[in-house]
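Reader: I can run a gel, but reading a fold on screen is another matter. Could you walk me through how to look at features one by one?

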Amino acid sequence: MSDILIVDDERDIRALIADILQDEGYSTRLAANSDEAMAEVNANPPAMMVLDIWLKDSKMDGIDILMTVKRSNPDIPIVIISGHGNVEIAVAAIKQGAYDFIEKPFNIDKLMVVISRAMEASRLRRENQSLKRREMNSSQMLGESQVFRTLCANLDKVTQSNARVMFTGPAGSGKEVAARYVYEHSERASGPFVCVSAATIEPDRMEEVLFGRESAERGVEPGLLEQAHGGVVYLDEVADMPMGTQSKILRVLVEQQFTRVGGADKVRVDMRVMSATSQDLGVRVRDGLFRQELFDRLSVVPIRVPGLEERCEDIPLLAEHFIDELHRLQGLSRRGLSDGARAHLQTMRWPGNIRQLRNVIERAMILGEAGSPIEIRDLQSEAPVSDSGDTTKVVLSGSLTTLPLREARELFEREYLLSQIQRFGGNISRTASFVGMERSALHRKLKSLGVSASKLSESKV
């Protein structure tokens, strides 16, 4: 990124600086006044600006342009040049965010040193911010199941486009991780990833948080959308966004610009929008709680993130990942998973999905015996455990103990086999091998227990 915008009312000066920079391998754009300068910035923000303070026949002088550009594009380094320089002007320029100040007639070597340093400082700042974001929020997609592979294939298809993506799926299933995966493998990976949680922002503060505000007392306070310039904004639980804010977000998507609360200037933003919801937005639209136009704009590419019970085969892999992560980040004693614990995790119900799985593993690592494998008893937070430590003892539910032996046995066999089928992702052959039955015998047993083909398909979901 080496595009430099030169703003000066003297044609010879513009041409001289442009020739010098082009000889050094930079690409340049030229502007003679504030209108031309702002048009260039709004069309495509440059990597850097060389800006004259005094501009004839211009609506704004260099300081005004500096302040305007810095509000919308704070990362653009700006070098101020002037033939009427003094200490007061230089100080004012630096205070408003200029990288440096050079007097005319300037020394070419000095100008090139300042420009190269400004470009290098900008590059290092972007790389540092990118590394910090990746270290704190790095996404890692883990899984081997067919439904997981299908998800990853869909994510890979949208990484190189700029299309808006809407992620749907149950709470805790990893929608933000999927969004970060797309971001980190896209051309915007060097830009910011800004998460907007619509469910946690107070409705009366939503616009201020999103669009920022301006006031005489506190100056300019950029909002989250402004902070996402050049990168990605992720609208989490977008269904919870107030109707009034929905219309303004729609306008931003159409115009790619907005006005801060209390301000008058238009702020231009270049960002990719990804959103997520665990609710049925179609129902919300039908009930008049979500704007149809906004739904259409956000869901250009809808991608469903499956719940954990749809990918039971991946649970041991995810559990081991969380064990390693908790050991690395929190210093918890590293523990393995026993075979019984692996099987038990795959047959548990996960209404909280991946988030719940992580919590279960963290609790087991904290409360369990350091150094020993995680056992079934470490995963049962509510079920009573035998005082004798006999892991072969089965704790019967109250409803099961009220049934005659034959009915209780049939109920147990039915639930046991359905759990195993779910554990192996609906694969009957693998289930039969694990439970020690021939495939045909398992089919006969399931039929005798009243388990239909439709019930088997439900166990895969």
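**Contacts first**

Reader: Leaving aside its neighbours within four places in sequence, what is Glu 207 in contact with?

Author: Gly 212, Thr 245, Lys 248 and Val 261 are in contact with Glu 207, once neighbours within four places in sequence are set aside. Keep in mind that this is a predicted model. For a contact, look for heavy atoms within 4.5 Å.

Reader: Where does Glu 207 lie, and how exposed or buried is it?

Author: Glu 207 is a residue of helix H8. Its relative accessible area is 24%, so it counts as partly exposed, given that buried means under 20% and exposed over 50%. For a sense of how the chain folds back, take Glu 207 and Gln 246: they sit 39 residues apart in sequence, while their C-alpha atoms are 9.9 Å apart in space.

Reader: Let's zoom out. How many helices and strands does the protein chain have?

Author: You'll find 21 helices and 14 strands in the protein chain. Of its 461 residues, 45% are buried. Next, take contacts between residues at least 6 apart in sequence: 71% of them join residues at least 24 apart. As for the outside, the accessible surface comes to about 23700 Å², and carbon and sulfur atoms account for 50% of it.

**Cores**

Reader: What's the general idea behind a core?

Author: Nonpolar side chains tend to be buried together in soluble globular proteins.

Reader: And here, which residues in the largest nonpolar core touch the most other members?

Author: That core has 31 residues, and those touching the most other members are Val 196, Leu 225, Val 233, Val 238, Ile 249, Met 271 and Leu 298. Several elements each supply at least two residues of this core: strands S7 (193-197) and S10 (232-236), plus helices H8 (206-211), H9 (224-227), H10 (243-255), H11 (281-286) and H12 (292-298). Click on Ile 249 to see it up close: leaving out residues up to four places away in sequence, Ile 249 touches Leu 210, Phe 211, Leu 225, Met 241 and Leu 294. There's also a second, separate core of 23 residues, with Leu 308, Leu 345, Met 348 and Leu 357 among them.

**Helix packing**

Reader: At what angle do helix H19 and helix H20 pack?

Author: The angle between H19 (residues 428-435) and H20 (residues 439-448) is about 95 degrees, and their axes are 9 Å apart. That makes the two helices roughly perpendicular, because the range for that label is 65 to 115 degrees. On the H19 side the contact is made by Ile 428, Ser 429, Thr 431 and Ala 432, and on the H20 side by Arg 439, Leu 442, His 443 and Leu 446. Sorted by type, the residues of this contact are four nonpolar, three polar and one charged.

**Backbone oddities**

Reader: What should I expect of phi and of peptide bonds in general?

Author: Most residues other than glycine have a negative phi, and most peptide bonds are trans. Now for the exceptions. Asp 57 has a positive phi, near 50 degrees; look for it in the loop between strand S3 (48-52) and helix H3 (62-72). Glu 237 also has a positive phi, of about 50 degrees, without being a glycine, and it sits in the loop between S10 and H10.

Reader: Are Asp 57 and Glu 237 buried or exposed?

Author: Asp 57 is exposed, at 80% relative accessible area, whereas Glu 237 is buried, at 14%.

Reader: Where is there a cis peptide bond?

Author: Between Lys 104 and Pro 105, with omega at about -10 degrees. Pro 105 is in the loop between strand S5 (100-103) and helix H5 (108-137).

**Two more residues to click on**

Reader: What does Asn 33 touch, not counting residues up to four places away in sequence?

Author: Asn 33 touches Val 7, Asp 57 and Ser 58 on that count. Asn 33 is in the loop between strand S2 (27-31) and helix H2 (34-43), and at 17% relative accessibility it counts as buried.

Reader: And where is Glu 362 found?

Author: In helix H15 (residues 353-367). Glu 362 is buried, with 18% relative accessible area, and beyond its neighbours within four places in sequence it is in contact with Leu 326 and Gln 330.

Terms used: Residues are numbered from 1 along each chain as its sequence is written. This is a predicted model: local features need pLDDT of at least 70, side-chain atom pairs count only at pLDDT 80 or more; totals for chains, interfaces and linings use all residues. Side-chain values use heavy atoms; hydrogens and water are left out. Helices (H or I, at least four residues) and strands (E, at least two) are DSSP runs, numbered from the N terminus. Buried means under 20% relative accessible area, exposed over 50%, partly exposed in between (1.4 Å probe, protein chains only). Accessible areas come from the Shrake-Rupley method with a 1.4 Å probe; for residues, only the protein chains shown count as cover. Axes are lines fitted to C-alpha atoms, for helices over the stretch in contact, and angles run from 0 to 180 degrees between N-to-C directions. Angles under 35 degrees count as roughly parallel, over 145 as roughly antiparallel, 65 to 115 as roughly perpendicular and the rest as oblique. Ala, Val, Leu, Ile, Met, Phe, Trp, Tyr, Cys and Pro count as nonpolar, Asp, Glu, Lys and Arg as charged, and the others, Gly among them, as polar. A nonpolar core is a set of buried Ala, Val, Leu, Ile, Met, Phe, Trp, Tyr and Cys residues joined through side-chain atoms within 4.5 Å.
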